[in-house]
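I am opening a fresh page of my notebook to record what I look up in this structure. I will go through it part by part and write each finding down as I meet it.

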Amino acid sequence: MATLIFEDGRQATADEIAGLAKTHRIKVEHRPVPATLAPWLARDLLDDAAIAQLLNEIASDDRYPSRDLIVLHPDRPDNEQLASKFENWHRHPGDEIRHILDGGGVFGVIVDGKRADLHVGPGDFIVVPAGLEHNFRLTSERRLKALRYLSGSYGWLAEFTGRAA
């Protein structure tokens, strides 16, 4: 289950998370990972055919025109290059929607001018609303499989803000 840690190290209460969700439209839910995905999630890396098969196992959602799968793992040659791209503070013109299937990470968000870290793992479903400054960092395991829904047809576009990581 996702946890939210404030800049001062304090963990948010359920009421504080609900307040942030209401005020800033950040959505945090737990949606169990379907057991049918286990054969793909057990693999460190997935080729395009395996990704297509995995996506075929998950029902599409008409609210989002497209989706893909992010697969990061230490055995991937460009893992650190991709991971560092997400670590830079940015915002998007559309909502950023992720369902964490395997591994974990930390969404850093800027709310009310302050940083908070949302720690996520398998089953966490997150919506970071359009325009909210954020970043994403992998855990020390440096691996993640996350379903990425796109709320617009433009794909993954980021406006990098230049905020120090």
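**Entry 1: the open sheet**

I began with strand 2 and found that 4 bridges join it to strand 8 (residues 124–128), the two strands running antiparallel. I keep in mind that this is a predicted model. To have one concrete pair to look at, I picked Val28, whose bridge partner in strand 8 is Ile126.

I then asked myself in what order the strands of this open sheet lie. The sheet has 5 strands in the order 2-8-5-10-3, and the pairing is antiparallel. Its edge strands are strand 2 (27–30) and strand 3 (66–72), each of which pairs on one side only. Leaving direction aside, I noted that neighbouring strands of this sheet are turned by 20 degrees against each other on average.

**Entry 2: an aromatic pair in the sheet**

Next I looked for aromatic pairs, of which the structure holds 2. In one of them, the rings of Phe125 and Tyr149 have their centres 6.3 Å apart and their planes at 55 degrees, so I wrote the pair down as tilted. Phe125 lies in strand 8 and Tyr149 in strand 10, so the pair ties together parts that are 24 residues apart in sequence. I also checked burial, and both Phe125 and Tyr149 are buried.

**Entry 3: helix 3**

I moved on to helix 3 (residues 48–57), which lies across strand 3, strand 5 (96–103) and strand 10 (144–150), and which runs at about 125 degrees to strand 3. Which residues of helix 3 are buried? I listed Ala50, Ile51, Leu54 and Leu55. These residues cover an arc of only 135 degrees around the axis, and therefore they sit on the same side of helix 3. I added a reminder from the textbook: an α-helix has 3.6 residues a turn, so residues three or four places apart point the same way.

The buried residues of helix 3 pack against helix 2 (38–41), strand 3, strand 5 and strand 10, whereas the face turned away from the buried side carries the exposed residues Asp48, Ala49 and Asn56. At the N-terminal end I found Asp47 as the cap of helix 3, with a side-chain oxygen 3.2 Å from the backbone nitrogen of Ala49.

**Entry 4: strand 9 and His134**

I turned to strand 9 and saw that 5 bridges join strand 6 (residues 105–111) to strand 9, the two running antiparallel. One partner I looked up was that of Gly105, which is Leu138 in strand 9. Strand 9 is mostly covered, since 5 of its 5 residues are buried. His134, Phe136 and Leu138 point one way from the strand, while Asn135 and Arg137 point the other way. I set the general rule beside this: in a regular strand the side chains alternate between the two faces of the sheet.

Is His134 buried or exposed? With a relative accessible area of 1%, which is under the 20% cut-off, His134 counts as buried. Its side chain makes a polar contact of 3.3 Å with the side chain of His92. Leaving out residues up to four places away in sequence, I listed what His134 touches, including Trp89, Glu96, Phe107 and Val128.

**Entry 5: Arg142**

Lastly I looked at Arg142, which is found in the loop between strand 9 and strand 10. A polar contact of 2.6 Å joins the side chains of Arg142 and Glu80. With residues up to four places away in sequence again not counted, Arg142 touches several residues, among them Leu72, His73, Pro74 and Glu87.

How values were computed. Residues numbered from 1 in each chain as written. Predicted model: local features only at pLDDT ≥ 70, side-chain atom pairs only at ≥ 80, totals over all residues. Heavy atoms only, no water. Buried < 20%, exposed > 50% of the residue type's maximum accessible area, 1.4 Å probe, protein only. Polar contact = N/O pair within 3.5 Å; in protein donor to acceptor, adjacent residues only side chain to side chain. Contact = heavy atoms within 4.5 Å. Pairing = 2+ DSSP bridges. Axes fitted to C-alpha atoms, helices over the stretch in contact; angles between N-to-C directions. Arc of directions from axis to C-beta. Phe/Tyr/Trp six-rings, centres within 6.5 Å; stacked < 30°, edge-to-face > 60°.
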